[in-house]
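This report looks at how strands are arranged into sheets and how nonpolar side chains are gathered in one protein chain. Please keep the sequence and the structure in view while reading.

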Amino acid sequence: ELDGVESLSLLKNTNLCFSVRNPLSDYETREKIVFNPSETLEQEEGDREPPHHFAVRWEGQKKFSTLIVLDEEGAKSAFKKMKKKGGKKKGDVVDAPRDMTADDSGEYVPVLAMECRGIEPYEFYPLGNEFKVTSSGGAVFEEDVDLSEGDWGDYDEENDEAVGVNEFESKIIAV
């Protein structure tokens, strides 16, 4: 729920924390992995995998499983391909990632798209400072926007109004 907030944006150059699992196994997980969407991992010469943000080799697997954070263009392209293949699950909101606005208050909004090969993210953990808040009056809050407890609040002195994000929740939708 947004209070006195015009928009909530996921920052591009910030650390993100997820727990991931092997989709072919009930017990193989990696808890609270951290990566920055603006940095890809160094790859060895001749590596056939596209540049990626996180990689893990599950037990018994020859190849790495990879996670790639898609930019706006990559996300639109992936969703276009998915819609052609009919990959959308009934009832899922499948839109390209965007900022959450005051009109979306109380609704789930996709803020990040990832291409996952052999890896399944299942939990997002806000670390603090992943988000930027713009108040209804236009004040921008980029530091100390910490949603790890589910709530954040501040005061827009210029416009004399309280600003807050309440009951923040995330969900991951596989498409």
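In this predicted model, one open sheet is built from three strands in the order β5-β6-β8, and their pairing is antiparallel. The edge strands of this sheet are β5 (54–56) and β8 (114–117), each of which pairs on one side only. On average, and with direction ignored, neighbouring strands of this sheet are turned by 10° against each other.

Another open sheet of three strands follows the order β1-β13-β12, again with antiparallel pairing. Here β1 (2–3) and β12 (152–156) stand at the edges, and because each has a single partner strand, one side of each is left without a neighbour in the sheet.

Two of the pairings can be set side by side, each with one pair of facing residues.

| Strand pair | Sense | Bridges | Facing residues |
|---|---|---|---|
| β6 (residues 65–69) and β8 | antiparallel | four bridges | I68 and E115 |
| β12 and β13 | antiparallel | five bridges | Y155 and A162 |

The strands also supply nonpolar residues to the interior. The largest nonpolar core has 27 residues, of which L8, F35, F54, V133 and W152 touch the most other members. Elements giving two or more residues to this core include β2 (5–10), β3 (16–21), β4 (29–35), β5 and β6, as well as β10 (131–135) and β13 (161–165). If neighbours within four places in sequence are left aside, F54 is in contact with V20, I33, F35, L41, S65, T66, L67 and I119. Apart from the largest core lies another one, of six residues, among them I68, L70, F79 and A113.

How values were computed: Residues numbered from 1 in each chain as written. Predicted model: local features only at pLDDT ≥ 70, side-chain atom pairs only at ≥ 80, totals over all residues. Heavy atoms only, no water. Pairing = 2+ DSSP bridges. Axes fitted to C-alpha atoms, helices over the stretch in contact; angles between N-to-C directions. Core = buried A, V, L, I, M, F, W, Y, C linked by side-chain atoms within 4.5 Å. Buried < 20%, exposed > 50% of the residue type's maximum accessible area, 1.4 Å probe, protein only. Contact = heavy atoms within 4.5 Å.
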